[in-house]
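Work through the exercises below with the model open. Try each task before reading its solution.

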Amino acid sequence: MRRKIVILLFLSTITFGAVFQIQTQLEYDFEQIVDSIKFGLVVPFIGTNFHASGGFMRDNTVVPPYPDFLKNHYWYWDEGYFEYRGQNLEIDVGVKQNRVGPGSFYNLFLSENGFSSPTVRVSWKDEVQKIAVETLWAGLRPFTTGNGPIKGLTYRRLALLPFDGLEVGYEESVLFLNRYFDPYYYFVPIPIPGIQEFWHLSAPWGVSSNQLDDNSMVGAYVIFRGKEWSAYAEILADDINMNRFISPGSYQNPNKIAFMAGFSGRSGPVRFAVEVAGATAFTFERTHPDRPYEYVFFEGSNYPIEKNMIGYKYGENNIACTIDFEYSFSDWSFNLNWESVIFGTRTPSQPWHGGSMPDGTRWLIGQIESVSTLKAGATYRLSNLFSIFKDVSLSGVVGLRNSRAFFGFSFSLSVEL
């Protein structure tokens, strides 16, 4: 009896102040329906918050078991992780989606494209020393499958904050195969390409380049912040043509580069944002047919690139632009969003689009296509309704996607326990 009382008191302590969430969404383009319902729970626990979420979805891409019985819906587990937020320190441990970089719509190194991974993320910021650092490990695949080997990823960031309103950062990531975790990439405080080249390949205990299936990338970003606005830019280099600088007359291999720039500002009830991103041909792509280290979750898959990319969601060989406008008053907000993407051939698993390596940098090559989306939406939100409902919102949206009309609804509810 005493043990049961202790357990009940412990559970009561944990759940006090917890927030239960429900999010539903439906979109119909007069041909097929996309819908989902997602349940979430945020539980305060000993100075941390535990996040858990999962739901039921039909996306017309994943074909679940018993599709007739489930009407093409499938269950999915979204996230389950502990989060600590201190004055200078942030820690995430668990299974979660990861997003990094300054972008609001496009993220070059890691994007929240719908897949969660076992994660350990540590971020530290010192306003006095004007410095910030971040290290993130994600275990993308813990075991070998018929389509790919064991796979993990490390992302790191070092930022300088010379004065208020300016942040300049260096970023790097490495995708490594045939091992779930690499402590050298995570802990050794030298640039990841140096670890790959000098520690793994050139050290006495190193391995040959034929045995090491790793793909490292480097980049940088800058953010200017005002009171009600921010301007930012980011670049990622998968491969840089050094001959352009050290031997201009010799062979010019393609630059593999992704970029992003944007602006966001608010004036009273009006918020405006614009963002442009793109990548040259062959960026994020494997270089050797027998080494599946392209920057995707699932190799050799027909899964759409927009959902399969680990980083920039449109992958290689494209340019994208988003313009977003929002007007808010009282409990209402109205949104107008336009996005256009122009892309050429995209083949992450086929080096050089199935041909030989070309001479010089290429961009928007192959079969050129485009997708433009214009949508308008309205949201009605209530807070602290009937004391237990922390937040209630109902949204509607109408739009055109390449001249095809669609409409949708969404509803969310947060209950404080």
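**Exercise 1. Find the residues with the most contacts inside the largest nonpolar core, and the strands that build this core.**

Solution. Start with the core itself: 36 residues. A nonpolar core is a set of buried Ala, Val, Leu, Ile, Met, Phe, Trp, Tyr and Cys residues joined through side-chain atoms within 4.5 Å. Leu110, Leu153, Phe284, Tyr295, Ile310 and Tyr312 have the most contacts inside it. Next, list the elements that give two or more residues; among them are strand 8 (151-163), strand 12 (256-267) and strand 15 (332-343). Strands (E, at least two residues) are DSSP runs, numbered from the N terminus. Strand 7 gives the largest share, 4 residues. Another core, of 7 residues, lies apart; Trp137 and Val174 are among its members.

The model is predicted: local features need pLDDT of at least 70, side-chain atom pairs 80 or more, while totals for chains, interfaces and linings use all residues. Residues are numbered from 1 along each chain as its sequence is written, and side-chain values use heavy atoms, without hydrogens and water.

**Exercise 2. Is aspartate 324 buried or exposed, and which side chains make polar contacts with its side chain?**

Solution. Locate aspartate 324 in strand 14 (residues 318-329). Its relative accessibility is 5%, so it counts as buried (under 20% relative accessible area; exposed is over 50%, partly exposed in between; 1.4 Å probe, protein chains only). Now check its side chain. It makes a polar contact with the arginine 271 side chain at 2.5 Å, and another with that of asparagine 335 at 3.2 Å. A polar contact is a pair of N or O atoms within 3.5 Å; within protein, one must be able to donate a hydrogen and the other to accept it, and residues adjacent in sequence count only if both atoms are side-chain atoms.
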